[in-house]
Amino acid sequence: MNLTDAINHRRSIRKYDENKSIDANIVKKCIEQAILAPNSSNMQLWEFYHITSKETLKKISKYCFDQSAAQTAQQMVVVVVRKDLWRKRAKDNLNHINKVAKGKDPKDYNRREKFAETYYKKLIPLTYFDFLGIFGWFKYIVYWLIGLFRPIYRQARNSDMRIVAHKSAALAAQNFMLSMVEAGYDTCPMEGTDTLRIKNILNLPFGAEINMVVACGIRIPEGIFGERFRIPFEEVYKKV
Ligand SMILES: Cc1cc2nc3c(=O)[nH]c(=O)nc-3n(C[C@H](O)[C@H](O)[C@H](O)COP(=O)(O)O)c2cc1C
């Protein structure tokens, strides 16, 4: 199946075949494809909780308000945003830069390596650090004032940074769902969930956020709730 076929075949499937199980190893492989998604500053502020235990599936289904996709799912993948891990991920990137530079002393970095080092050492902390949302608003106002005179990056508040992290996680979720199609499996992304209860069941810390829960299984015809509907292309396509 090529990519166009996969995109066309993918539907949000709300009922899965209860007699057809799916292979957890294949689902895991699709999650490995998910983490290859493009993501903001390569910070990879995400985690993927692969739910295979019947007992946990039942509990999560309840917290997805027992929608049919959740109730009949053979497995689930909870896509989690870990913006709170930004310090660790910045450090991981710095270690990677050093590894690529063959462990040389940062003093001897070439221009590109120095730029990358400064990016993760200074710019990322400036962008991600906040204190009760106050520093975020301070940055936002300063950037806004500078922005009167020149183009400037404006994502500064906590809410902006949450969007940044969720965007990347959603791209990974789409990679996952398309990989599942290639494997002959189906999915349904769900945000109609009690995210707090799901966080609790997965023992997630306060700073973690649920991006979406993806129900997984193999479709039955009744699992497609109607013909695919999209707004006419001309209405959403703007050539500039
Ligand atoms: C972030 C997100 C959240 C969604 N939440 C739900 C949900 O809670 N329940 C559900 O049945 N479908 C959910 N959907 C599926 C959409 O309703 C579906 O993608 C849309 O109707 C288009 O249909 P298609 O996916 O079959 O093309 C969600 C989709 C996305 C991207």
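**Surface patch, aromatic pairs and salt bridges**

Leu145 is partly exposed, with a relative accessible area of 45%. In this predicted model, Leu145 belongs to helix 7, which covers residues 134–146. Leu145 also contributes to a nonpolar surface patch of about 730 Å². The other members of the patch are Trp137, Ile141, Trp144, Leu148 and Phe149.

Aromatic contacts were examined next. The whole structure holds eight aromatic pairs. One of them joins Phe135 and Phe138, with ring centres 6.1 Å apart. The planes of Phe135 and Phe138 meet at 25°, so the pair is stacked; the cut-off for stacking is under 30 degrees. Both residues lie in helix 7, three residues apart, or about one turn of the helix. An α-helix has 3.6 residues a turn, so residues three or four places apart point the same way. The two rings differ in class of exposure: Phe135 is partly exposed at 25% relative accessible area, whereas Phe138 counts as exposed at 52%.

A stacked pair is also formed by Phe233 and Tyr237. Here the distance is 5.0 Å centre to centre, with 15° between the planes. Phe233 is exposed, with a relative accessible area of 52%. Tyr237 is partly exposed, at 44%. Elsewhere, Phe115, Tyr119 and Tyr120 form one aromatic cluster.

Arg157 takes part in several contacts. Its charged end sits over the ring of Tyr140, 3.9 Å from the ring centre. The charged end of Arg157 also sits over the ring of Trp137, at 5.1 Å from the centre. Trp137 is itself a member of the nonpolar patch. Arg157 further forms a salt bridge with Asp160, where the closest N and O atoms are 3.0 Å apart. Both partners are buried. Arg157 has a relative accessibility of 19% and so counts as buried, since the limit is under 20%. Asp160 is buried as well, with a relative accessible area of 10%.

In total, the count of salt bridges comes to twelve. Side chains of opposite charge can pair when their charged atoms come close. Among the twelve is the bridge between Lys59 and Glu55, at 3.6 Å from N to O. These two residues are four residues apart in helix 3 (residues 54–63), and therefore about one helical turn separates them. Lys59 is partly exposed at 39%. Glu55 counts as exposed, at 58% relative accessibility.

Helix 6 (residues 111–128) contains a pair with the same four-residue spacing: Glu117 and Lys121 are about one turn of the helix apart. Their side chains meet in a salt bridge of 3.3 Å, N to O. Glu117 is buried, with a relative accessible area of 14%, while Lys121 is exposed at 51%. A network of salt bridges links Glu47, Arg82 and Asp84.

Helix geometry was checked on helix 8, which comprises the 25 residues 158–182. At 1.5 Å a residue, helix 8 should span 36 Å. The end C-alpha atoms are 37 Å apart, which agrees with that expectation. Helix 8 is followed by Gly184, whose phi is positive, near 85°.

Technical notes:
Residues are numbered from 1 along each chain as its sequence is written. This is a predicted model: local features need pLDDT of at least 70, side-chain atom pairs count only at pLDDT 80 or more; totals for chains, interfaces and linings use all residues. Side-chain values use heavy atoms; hydrogens and water are left out. Patches are made of residues with over 30% relative accessible area and no salt bridge: like charges are joined within 9 Å, nonpolar side chains (Val, Leu, Ile, Met, Phe, Trp, Tyr) within 5 Å. Accessible areas come from the Shrake-Rupley method with a 1.4 Å probe; for residues, only the protein chains shown count as cover. A salt bridge is a side-chain nitrogen of Lys or Arg within 4 Å of a carboxyl oxygen of Asp or Glu. Buried means under 20% relative accessible area, exposed over 50%, partly exposed in between (1.4 Å probe, protein chains only). The expected span of a helix is 1.5 Å times one less than its number of residues. Rings of Phe, Tyr and Trp (its six-membered ring) pair if their centres lie within 6.5 Å; planes under 30 degrees apart count as stacked, over 60 as edge-to-face and the rest as tilted. A charge sits over a ring if NZ of Lys or CZ of Arg is within 6 Å of the ring centre and within 35 degrees of the ring normal.
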